[in-house]
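Me: I've got a model open and would like to talk it through with you. Could we take the contacts piece by piece?

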Amino acid sequence: MITVPQEGRRRVPTLDLGSMSSQLAEELDAVWHGVVASSAFVAGPAVAIFERDWAAYCARRYAVGVANGTEAIELVVRALGIGPGDEVIVPTNTFVATVEAVVLAGATPRLVDVDPRTLVLRASDVDDAITARTAAVIAVDLHGNLPDMNELTRVADDRGIALVEDAAQAHGARWRGRPAGSFGVASCFSFYPGKNLGAFGDAGAVVTDDAALERRIRSLANHGRAESGPNVHERIGRNSRLDTLQAAVLSAKLRVLDEWNGLRRRVAAAYRSQLPPSIAPVEITPGVDSAYHQFVVRVHDRDRVRAALADRDIETGIHYPLPCHRMVPYRAFASGPLPGAEAAATEILSLPMFPHMTGEQLWSVCAGLADVGAHGPAA
Ligand SMILES: *Cc1c(COP(=O)(O)O)cnc(C)c1O
């Protein structure tokens, strides 16, 4: 039971990991003791069990646990044989890691604009950006929402490029009933602590139905090892393995992922009914059951609103304040202005969103927005 202070407002954080860990305190203690007792800290059965269960959750044949989400993407790009001279289309308003991973793999990102309503990729923008050098497109499931996967799959197939899904923000989201992580040749996940399914440190995974791709990624992530033996290194890989402890934590938390996503959806529905009418949430693609990694609205005079909310102890975030093509290291990767993403970047505001958010906290945010005179950009 949380006790409400007699006076003053309680702080509303953007995310409360503590209440998530508390709910699973006993299981997580058992995980720790189990891993210590086994003395298996890298690989071992706990990793294999999580990989099996995560593949099933994503309706895929294979999952490979890796060290983090960035390397999940980089390894997929490399395993697809994409590198120097190849272009990979990426939406500009993503977490920088999506673009960074393409560069780290030696390929050239080509940053494109997004649908101004949903902030996810549009097939037409992808189609327009394809050149003779384009090898792949990475669709990002931003904020827990997915792009129209039928259209993206069609464009990728028609033009002969690979579709890769960056599902780092969409664990448990669905598009026409199909889970995030089930689209394209491979899908990449991060289990950074703040994601919908979060480890107790860095962790990630790739899921795919392609057996040969799975073997290459597993080998690349483990020093280029061959299946024939631990001392046979058949390619130059790296160390990007999933820790045993993280795998065991993830298995414990996977059991409650759907419950927690359900609570996030309830928070989202409550926001929709209680927000001041002029404040419009970023739209969800038709057919998507969002995982609500973030609940993002668009407001006029965003920085003032944000500061006024902070004065009332209401924390907010911005995902993301600067589209990647506006960041110094990535400027070269767009051919011109990308107006949808640029306009959104000045208006978007991520409201507190976490499974155990109370009705009182939600009310504080909505009342706070009204009190500080927040309104939508068009008003
Ligand atoms: C978090 C995230 C990543 C990177 O994951 P890390 O585990 O932090 O390396 C990549 N893409 C998106 C969209 C993300 O949100």
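Reply: Sure. One term before we start: contact here means heavy atoms within 4.5 Å. Also keep in mind that this is a predicted model.

Me: With that cut-off, which residues does R235 touch, leaving out those up to four places away in sequence?
Reply: R235 sits in the loop between β11 (229–233) and α9. With residues up to four places away in sequence set aside, its contacts are R216, S219, L220, H223 and G224.

Me: Which side chains make polar contacts with the side chain of R235, and at what distances?
Reply: One partner is E234, whose side chain makes a polar contact of 3.2 Å with that of R235. Another is the side chain of S219, and there the distance is 2.7 Å.

Me: Is R235 buried, partly exposed or exposed?
Reply: Buried would need under 20% relative accessible area, and exposed over 50%. R235 comes in at 28%, so it counts as partly exposed.

Me: How far apart in space are R235 and A280, C-alpha to C-alpha?
Reply: In sequence they're 45 residues apart. In space, the C-alpha to C-alpha distance between R235 and A280 is 51 Å.

Me: Let's zoom out. How far apart are the centres of domain 1 and domain 2?
Reply: The domain assignment gives domain 1 as 22–111 + 118–254 and domain 2 as 257–371. Taken over C-alpha atoms, their centres are separated by 25 Å.

Me: What area do domain 1 and domain 2 bury between them?
Reply: The size of an interface is often given as the accessible area lost when the parts come together. In residues, 40 of domain 1 are in contact with 37 of domain 2. Carbon and sulfur atoms carry 58% of the area buried between the two domains, and that area is about 3000 Å².

Me: Which element gives the most residues to the side of domain 1 that touches domain 2?
Reply: Salt bridges between domain 1 and domain 2 number 0, while 24 residue pairs are in polar contact across the interface. On the domain 1 side, α3 (45–57), α5 (97–104), β3 (108–112), β6 (174–175) and α9 (244–254) each supply at least two residues. That side divides into 19 nonpolar, 14 polar and 7 charged residues. The element that gives the most to it, with 4 residues, is β3.

Me: And salt bridges overall: how many does the rule count?
Reply: Between domain 1 and domain 2 the count is 0. By the same rule, the count for the model comes to 19.

Me: Why does the salt bridge of D209 and R60 tie together parts that are far apart in sequence, and how many residues separate them?
Reply: The closest N and O atoms of D209 and R60 are 3.3 Å apart. D209 is partly exposed at 34%, whereas R60 is buried at 8%. D209 lies in the loop between β9 (204–208) and α8 (211–220) and R60 in the loop between α3 and β1 (62–66), so the parts they tie together are separated in sequence by 149 residues.

Me: R218 and E214 form a salt bridge too. Which helix holds both of them?
Reply: Their closest N and O atoms are 2.9 Å apart. R218 is partly exposed at 33%, and E214 is buried at 11%. They're 4 residues apart, about one turn, and the helix is α8.

Me: What about R304: which residue does its side chain meet in a salt bridge?
Reply: R304 is partly exposed, at 38% relative accessibility. Its partner is partly exposed as well, at 41%. The N to O distance is 3.1 Å, and the partner is D301.

Me: Which residues are joined into one network by salt bridges that share partners?
Reply: R218 and E214 pair up in a salt bridge. Through shared partners, the network consists of E51, E214 and R218.

Note on methods. Residues numbered from 1 in each chain as written. Predicted model: local features only at pLDDT ≥ 70, side-chain atom pairs only at ≥ 80, totals over all residues. Heavy atoms only, no water. Domains from an automatic or database assignment. Buried area = accessible area lost by both parts, 1.4 Å probe. Salt bridge = Lys/Arg side-chain N within 4 Å of Asp/Glu carboxyl O. Polar contact = N/O pair within 3.5 Å; in protein donor to acceptor, adjacent residues only side chain to side chain. Nonpolar A, V, L, I, M, F, W, Y, C, P; charged D, E, K, R; others polar. Buried < 20%, exposed > 50% of the residue type's maximum accessible area, 1.4 Å probe, protein only.
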